[in-house]
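Visitor: I am new to this structure. Please show it to me, and then explain the words used to describe it.

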Amino acid sequence: MRDSPRAPLAARLPFFYGWAIVAVAFVTVAMGVTARTSFSLLFPPIIDEFGWDRGLAAGAFSFGFFVSAFITPLIGRVMDTRGPRTVLLTGVVLTAAGLIGATWMREPWHLYLTLGLLAGGGVNCMGFTAQSQYLPNWFVRRRAFAIAVAFAGVGIGAIIILPLLQAIIARDGWRASCWALGLATLVVLLPLNLLVYKRPQDLGLEPDGDGSGGRLAARRSYVVDPAWAAIDWTPARALRTARFWWVVVGYFSAGFIWYAVQVHQTKYLIEIGFSATEAAWALGLVAMVAVPAQIALGALSDRVGREIVWT
């Protein structure tokens, strides 16, 4: 399914269509990334029901990330050739299939197939990896702020969805929560992501909603090393630089620390005396507390530069 080259109605909206793209991304990551986070809530009742070893069950969560790492280059290739809509809709279907399919699990390999392979790979097609490949096309002057607002959906989604899922688990069981989140993912995200376009030029627009002149010429660059940023980077060229590997190490370390704790957080809190409901709120709050600083730093980096804010 190739993205439609033009949508004239979007160009006549009273607001820049890029903000509609941000809103779609906000809802998509809110539901998509939270679907992955919900593994922490499903973990205790699944272990209790089947009596599986904790490490064996948690391995499905890690397997999902292994799958994500393996398919990420493919996501980039499909994004280049087919556009974001194909990637995002594929992610919606895979995630929903994993959540709903998990309700029939009987063996450990069923867990790895559904919540590991399908849901893990599907979330990667909707989450940060996919969104980061087309959102920057829509903004230049307010790029960091727009992306920060879109990714704030993770915190908002977590604090709203996770306690609701836990309430369903407590009342109707973990299978009912999988059904609820899987169906909601299909019903909400399938039609919503039909509104996504790869770049504003597909709609006859310019980044930030600017015209062909005026403010375009007035944009100020805050790039610390313009010569470096101007290089036409290829994967092979990037792999030969120390800066690339420092970025890799940074993201790997942060992701490992966060997710290694997250998968066991709910089970741990329950075991030390907190209720399952309190554990669900804690899981959502961890993501939620980052939202204000995330948006503020995004807006700041648009003004003073990405490198300065990161430093």
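What follows is a set of questions and answers about helix packing, burial and cysteines.

Guide: This is a predicted model, in which local features need pLDDT of at least 70, side-chain atom pairs count only at pLDDT 80 or more, and totals for chains, interfaces and linings use all residues. Residues are numbered from 1 along each chain as its sequence is written, and side-chain values use heavy atoms, with hydrogens and water left out.

Visitor: Why is helix α8 called roughly antiparallel to helix α16?

Guide: The axes of α8 (residues 143–151) and α16 (residues 291–304) cross at roughly 165° and come within 7 Å. Axes are lines fitted to C-alpha atoms, for helices over the stretch in contact, and angles run from 0 to 180 degrees between N-to-C directions. Angles under 35 degrees count as roughly parallel, over 145 as roughly antiparallel, 65 to 115 as roughly perpendicular and the rest as oblique. The angle therefore makes α8 roughly antiparallel to α16.

Visitor: Which residues make the contact between α8 and α16?

Guide: From α8 come Arg143, Ala144, Phe145, Ala148, Val149 and Phe151, and from α16 come Gln294, Ile295, Gly298, Ala299, Ser301 and Asp302. Contact means heavy atoms within 4.5 Å. By class, the contact of α8 with α16 has 7 nonpolar, 3 polar and 2 charged residues. Here Ala, Val, Leu, Ile, Met, Phe, Trp, Tyr, Cys and Pro count as nonpolar, Asp, Glu, Lys and Arg as charged, and the others, Gly among them, as polar.

Visitor: What makes α2 and α9 oblique to each other?

Guide: Helix α2 (residues 17–37) packs against helix α9 (residues 153–172) at an angle of about 55°, with the axes 8 Å apart. That angle falls in none of the named ranges, so α2 and α9 are oblique. The contact of α2 with α9 has 10 nonpolar, 4 polar and no charged residues.

Visitor: How do you know that serine 40 is buried?

Guide: Buried means under 20% relative accessible area, exposed over 50%, and partly exposed in between (1.4 Å probe, protein chains only). Serine 40 has 1% relative accessibility, so serine 40 counts as buried. Serine 40 is found in helix α3 (residues 39–50). Leaving out residues up to four places away in sequence, serine 40 touches Gln262, Val263, Gln265, Thr266 and Leu283.

Visitor: Is threonine 266 buried or exposed?

Guide: Threonine 266 has a relative accessible area of 1%, so threonine 266 is buried. Threonine 266 lies in helix α14 (residues 242–271). Among the residues that threonine 266 touches are Ser40 and Leu283.

Visitor: Why is threonine 277 called partly exposed?

Guide: The relative accessible area of threonine 277 is 44%, so threonine 277 is partly exposed. Threonine 277 is in helix α15 (residues 276–288). The C-alpha atoms of threonine 277 and proline 163 are separated by 6.6 Å, with the two residues 114 residues apart along the chain.

Visitor: How many disulfides are found in the whole structure?

Guide: The search finds 0 disulfides. A disulfide is a pair of cysteine sulfur atoms within 2.5 Å. Cysteine 125 is in no disulfide, and the nearest cysteine sulfur, that of cysteine 178, is 19 Å away. Cysteine 125 counts as buried at 7% relative accessibility, and cysteine 178 counts as buried at 1%.

Conventions: Helix = DSSP H or I, 4+ residues; strand = E, 2+ residues; numbered from the N terminus.
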